[in-house]
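This report describes the architecture of a single protein chain and then examines the charged contacts within it. The sequence and the coordinates are shown below.

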Amino acid sequence: MDLITLKMNADPLILSALREDITSEDVSTNAVMRGPQLGEVQLICKQDGVLCGMEIFERTFILLDETTKVEMYAKDGDEVKNGQLIATVTGDIRVLLSGERTALNYLQRMSGIATYTRETAKLLEGTKTTLLDTRKTTPNMRIFEKYAVRVGGGCNHRYNLSDGILLKDNHIGAAGSITKAIEMAKEYAPFVRKIEIETETLEQVKEAADAGADIIMLDNMDAQTMKKAVEIIAGRAQTECSGNVTKENIKNITDAGVDFVSSGALTHSAPIMDLSLKNLHAI
């Protein structure tokens, strides 16, 4: 992330996470460290994976004390190995102890998402299908989790509700029909906005294509039905497959010929990557 993004968007969230962990004081640290003492600790990888979140890890300590120094030996997007030394953090021992958990929480979560995304993206190599994330993110973690998807080799779908028009089943129900929903969206939205609409049957697919949708989501369809849907659309709109897509079943989709596949699992089901701060000592 660039510095402006960090300061404008990430810093308030990191500070909130730190406040969650330190409501009045870090009583454990204050019990054993009564004053400032320069120290050093090592960030060590404990399993193979894709590293992501190093700037957030560093920023967590700097927000506690701007004199903290993080010397990095790997960067976001690098494939790292179990036992690898990733960074050395130098600063006031009280800061190293108080910021440890929050910094690791970000780094472990983001690295886990990047790792899962890369494993999933590799399954789409050689196809025309682009891997997307969704808005199924942890509250107040979206900026970090969507960044991790990009680092892992996926692409971001819309960031939030202001970012694009996606008419789902309940929007269609509110409007009265797929055709009416698309007509209303075209009337309301500026011309620069694409209109995506969710469909569940081939009849809905035909209606959406005839009504002029820009992107048609094929929701929870099997591979054979998706192939038929792509034939019905015949290039009139881009296509997106969605619905319970995971690393384990994504290969079943690749032959359907869709343009995009969105997977909430990238952010809601990726396990963390194990990293640890070890060997703290005074210097």
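Apart from neighbours within four places in sequence, the residues in contact with Asp133 are Lys146, Val149, Cys155, Asn156, His157, Ser262, Ser263 and Leu266. The model is a predicted one, and this residue is taken up again after an outline of the fold.

## Overall architecture

The chain contains 10 helices and 12 strands. Its C-alpha trace spans about 70 × 35 × 25 Å along the principal axes. Of its 283 residues, 48% count as buried. Among contacts with a separation of 6 or more, 71% are between residues 24 or more positions apart.

An open sheet of 6 strands, paired in parallel, follows the order E6-E11-E10-E9-E8-E7. Its edge strands are E6 and E7 (165–167), each of which pairs on one side only. From one strand to the next, the twist averages 25°. At the E6 edge, the parallel pairing with E11 comprises 3 bridges, and Thr130 has Phe260 in E11 as its bridge partner. Towards the other edge, helix H7 (residues 178–188) lies across E7 and strand E8 (195–199), and H7 runs at about 165° to E8.

Antiparallel pairing involves strand E1 (residues 38–45). E1 is joined to strand E5 (residues 85–92) by 7 bridges in the antiparallel sense, and Val41 has Val89 in E5 as its bridge partner. E1 also runs antiparallel to strand E12 (residues 275–282), with 6 bridges joining the two. Here Leu43 is partnered with Leu277 in E12.

Helix H1 (residues 3–21) bends by about 50° at Ala10, and a proline, Pro12, follows within four residues. The buried residues in H1 are Leu6, Ala10, Asp11, Ile14, Ala17 and Leu18. The packing partners of the buried residues of H1 are helix H3 (54–64), H4 and H5.

## Salt bridges

How many salt bridges does a search of the whole structure find? The search returns 12. Three of them are set out below.

| Salt bridge | Closest N to O distance |
|---|---|
| Arg109 and Glu145 | 3.3 Å |
| Asp259 and Lys128 | 3.1 Å |
| Asp133 and Lys146 | 2.8 Å |

Arg109 forms a salt bridge with Glu145. Arg109 lies in helix H4 (residues 93–122) and Glu145 in helix H5, so this pair ties together parts that are 36 residues apart in sequence. Arg109 counts as buried because its relative accessibility is 15%, and Glu145 is likewise counted as buried, at 0%.

The side chains of Asp259 and Lys128 also meet in a salt bridge. Asp259 is located in the loop between strand E10 (238–242) and strand E11 (260–262), whereas Lys128 is in the loop between H4 and E6; the pair therefore ties together parts that are 131 residues apart in sequence. Is each partner buried or exposed? Asp259 has a relative accessibility of 19% and so counts as buried, given that the cut-off for burial is under 20% relative accessible area. Lys128, with a relative accessible area of 53%, is exposed.

Beyond these pairs, Glu79, Arg118 and Lys122 are linked in a network of salt bridges.

## The surroundings of Asp133

Asp133 is situated in the loop between strand E6 (130–132) and helix H5 (142–152). Its relative accessibility is 0%, and Asp133 therefore counts as buried. What does the side chain of Asp133 contact through polar atoms? One polar contact, of 2.8 Å, is with the side chain of Lys146. Another, of 2.6 Å, joins the side chains of Asp133 and Asn156.

Asp133 and Lys146 also form a salt bridge, with closest N and O atoms 2.8 Å apart. Asp133 lies in the loop between E6 and H5 and Lys146 in helix H5, so the pair ties together parts that are 13 residues apart in sequence. Both Asp133 and Lys146 are buried.

The contact list of Asp133 includes Lys146 and Asn156, together with Ser262 and Ser263. Of these, Ser262 falls within strand E11 (260–262), and E11 is joined to E6 by the parallel bridges noted above. The loop that follows E6 thus holds Asp133, which is buried because its relative accessibility is 0%.

Conventions
Residues numbered from 1 in each chain as written. Predicted model: local features only at pLDDT ≥ 70, side-chain atom pairs only at ≥ 80, totals over all residues. Heavy atoms only, no water. Buried < 20%, exposed > 50% of the residue type's maximum accessible area, 1.4 Å probe, protein only. Polar contact = N/O pair within 3.5 Å; in protein donor to acceptor, adjacent residues only side chain to side chain. Contact = heavy atoms within 4.5 Å. Salt bridge = Lys/Arg side-chain N within 4 Å of Asp/Glu carboxyl O. Pairing = 2+ DSSP bridges. Axes fitted to C-alpha atoms, helices over the stretch in contact; angles between N-to-C directions. Bend = angle between axes of the 7 residues up to and from the residue.
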